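Here are my notes on the model you sent, set out as numbered points. Please read them with the coordinates open.

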Amino acid sequence: MSRSALVENVTAMLEDAGFLVSERCAIRPKSFDVAARRGRDTVLVKILGNIDAFDGQTGAEMRRLGEYLRATPMVIGLRTRDEDLKPGVVYFRHGVPVLSPDTAMDLFVEEVPPLIYAAPGGLYVNIDSEILADAREDREWSLGKLASELGVSRRTVSKYEDGMDASVEVAAKLEELFEAPLTSPVDVIDGADEVRDGEPTPDDPAVDPEDEPIVTVLTRVGFDVHPTERAPFKTVSENADRRRQMLTGHSEFTKTAEKRARIMSSVGKVTETTSVYVVERATRESVDETALIEEAELEEIEDADELRDLIRERGGEPA
C-alpha cells in the first residue's frame with residue numbers, strides 16, 4: 001500500500017469514528033500528518049508504512065506539540081524493517097505510542113482498547129493488582145504458592161500485586177490459574193505515560209533567527225512562546241493562564257505561505273487554537289481563519305488584548 005493510500009485510509013477511519021480531522025499537513029518537513037478531535041480527545045497522528053522512518057527529532061517535536069496543544073501524539077504504521085506490527089499491541093518509538101491500522105480501528109471505531117504493549121524484552125500487559133491479590137486470597141494461596149505455580153520468585157509475585165506489569169505468558173498463566181480476567185487495557189489516550197519512556201517533555205529547540213522579532217513581541221505582550229522545527233507553524237504560544245493557545249507562522253506571503261496558513265487554520269479548528277501568520281506585507285486579511293498580520297503592525301501591539309482583538313477582526317476568532 002502506498003503511503004498516500006494509507007493516509008487516506010487512516011483519515012477515513014478517524015472520520016468514521018466521529019473525529020473532526022484536519023487537512024493533511026502536506027508540507028515538508030512535517031512532524032505529524034493530521035490532527036483529529038472527538039469530544040475532549042485530540043490526537044496528532046503521524047502515518048507511516050515503515051515506522052523505522054520515525055526518528056528521534058520528530059518524536060521529540062510530537063511530544064512537545066502534544067504537551068502544548070493538549071493532544072496525544074501517535075504513529076499509525078504498518079511494519080518495521082523486520083516484521084509487520086501485530087494487531088492489538090501498542091509499540092513505542094521515541095516516547096510516542098505506535099499502533100497498526102487494525103489496532104487503531106479497534107480502538108477508535110470498535111472502542112476496544114489494546115491489552116498488550118511492546119517494551120524491551122518482549123510483550124507485556126497491565127495486571128490489575130487488586131483483582132490479582134483478591135483472587136489469590138480467595139484461593140487461600142500464599143505468595144509462595146502462587147510463585148511456585150508461575151515458576152517465578154515470591155518477590156516477583158509481590159511486585160505484580162504492587163502494580164508491576166507482567167509478560168503476556170505470565171498473564172495468560174495467571175488467568176488460566178484463576179479462571180478470570182486479570183488484565184486491564186493500555187490507555188493510549190490518557191495513560192500512555194505509564195508505559196512509555198519515563199522522560200520529561202523534550203526541551204524546546206532554539207528560535208530561528210528570522211523569527212526572533214516575532215517571538216520578542218509575543219513574549220513582551222505576555223505569551224510563553226514555544227518554537228517548533230517540523231510543524232506547519234513556527235511557534236505555539238500560550239497566554240499566562242495556559243488556557244488559550246496560538247499557532248504562529250512567519251515568512252513572505254508566497255503560495256507556500258498561503259498553503260501553510262490554510263493548514264494552520266484547519267489544525268487550529270481541530271485543536272481549538274487561534275492561528276496567525278505574520279508577513280511583511282499582507283494583501284488580504286486572512287486565509288480561511290488564519291489572520292494575516294504585517295510585521296510592522298505586530299511590533300506596535302502593546303498587550304495581549306490588543307493582539308486578540310486584531311486577530312478576531314482579521315481571522316474570525318470567536319469572541
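1. Is Ser266 buried or exposed in this model? The model is a predicted one, and in it Ser266 has a relative accessible area of 14%, so that the residue is buried, the cut-off for that class being under 20%. Ser266 is found in helix α9, which runs over residues 255-271, and once its neighbours within four places in sequence are set aside, the residues in contact with it are Ser22 and Glu23.

2. As for the chain in general, the protein has 11 helices and 16 strands, and its C-alpha trace spans about 75 × 40 × 35 Å along the principal axes. Of its 319 residues, 50% count as buried. Among the contacts with a separation of 6 or more, 58% are made by residues 24 or more positions apart.

3. On surface and charge, the protein chain exposes about 15,700 Å², of which carbon and sulfur atoms supply 44%. The chain carries 39 positive and 66 negative charges, and the mean positions of these two sets are 3 Å apart.

4. The chain is divided into domain 1, made of 3-123 together with 189-195, domain 2, covering 127-178, and domain 3, covering 211-313. When you describe the arrangement, please give the distance between the C-alpha centres of domain 2 and domain 3, which is 54 Å.

5. Two annotations deserve a careful reading against the model. According to UniProt, in an unreviewed entry, residues 132-189 are covered by "domain: HTH cro/C1-type"; over these residues the chain is 59% helix and 7% strand, with the end C-alpha atoms 25 Å apart. The UniProt annotation "coiled-coil region", also from an unreviewed entry, covers residues 279-313, yet in the model that span is 43% helix and 23% strand, and its end C-alpha atoms lie 17 Å apart.

6. Which residues does Gln245 contact, leaving aside its neighbours within four places in sequence? They are Tyr68, Leu69, Arg70, Ser237, Glu238, Thr273 and Thr274. Gln245 itself is placed in strand β13, residues 245-250, and it counts as buried because its relative accessibility is 7%.

7. Arg70, one of the residues in contact with Gln245, has a phi near 55 degrees, a positive value in a residue other than glycine. It is found in the loop between α2 (56-68) and β4 (72-79), and with a relative accessible area of 43% it is partly exposed. Glu140 likewise has a positive phi, of about 60 degrees, although it is not a glycine; this residue lies in the loop between α4 (129-138) and α5 (143-150), where its 73% relative accessibility makes it count as exposed. Both backbone values merit a look, because most residues other than glycine have a negative phi.

8. What kind of peptide bond joins Arg28 and Pro29? The bond is cis, with omega about -10 degrees, and Pro29 has its place in the loop between β1 (20-21) and β2 (34-38). Most peptide bonds are trans.

9. Pro113 has its place in the loop between α3 (101-108) and β7 (116-119), and its relative accessible area of 30% leaves it partly exposed. Not counting residues up to four places away in sequence, Pro113 touches Leu107, Pro185 and Val186. The C-alpha atoms of Pro113 and Ile189 are 9.8 Å apart in space, while 76 residues separate the two in sequence.

10. How far apart in space, C-alpha to C-alpha, are Val217 and Glu299? The distance is 6.4 Å, for two residues that are 82 residues apart in sequence. Val217 is placed in helix α8, residues 212-220, and it counts as buried, since its relative accessibility of 7% falls under 20%. Not counting residues up to four places away in sequence, Val217 touches Leu298 and Glu299, and Glu299 falls within the span that the UniProt entry annotates as "coiled-coil region", residues 279-313.

How values were computed
Residues numbered from 1 in each chain as written. Predicted model: local features only at pLDDT ≥ 70, side-chain atom pairs only at ≥ 80, totals over all residues. Heavy atoms only, no water. Helix = DSSP H or I, 4+ residues; strand = E, 2+ residues; numbered from the N terminus. Buried < 20%, exposed > 50% of the residue type's maximum accessible area, 1.4 Å probe, protein only. Contact = heavy atoms within 4.5 Å. Areas by Shrake-Rupley, 256 points an atom, 1.4 Å probe, with all protein chains shown as cover. Lys, Arg positive; Asp, Glu negative; His and termini not counted. Charge placed at Lys NZ, Arg CZ, Asp CG, Glu CD. Domains from an automatic or database assignment. UniProt positions renumbered as here; feature names shortened; annotations may be inferred.
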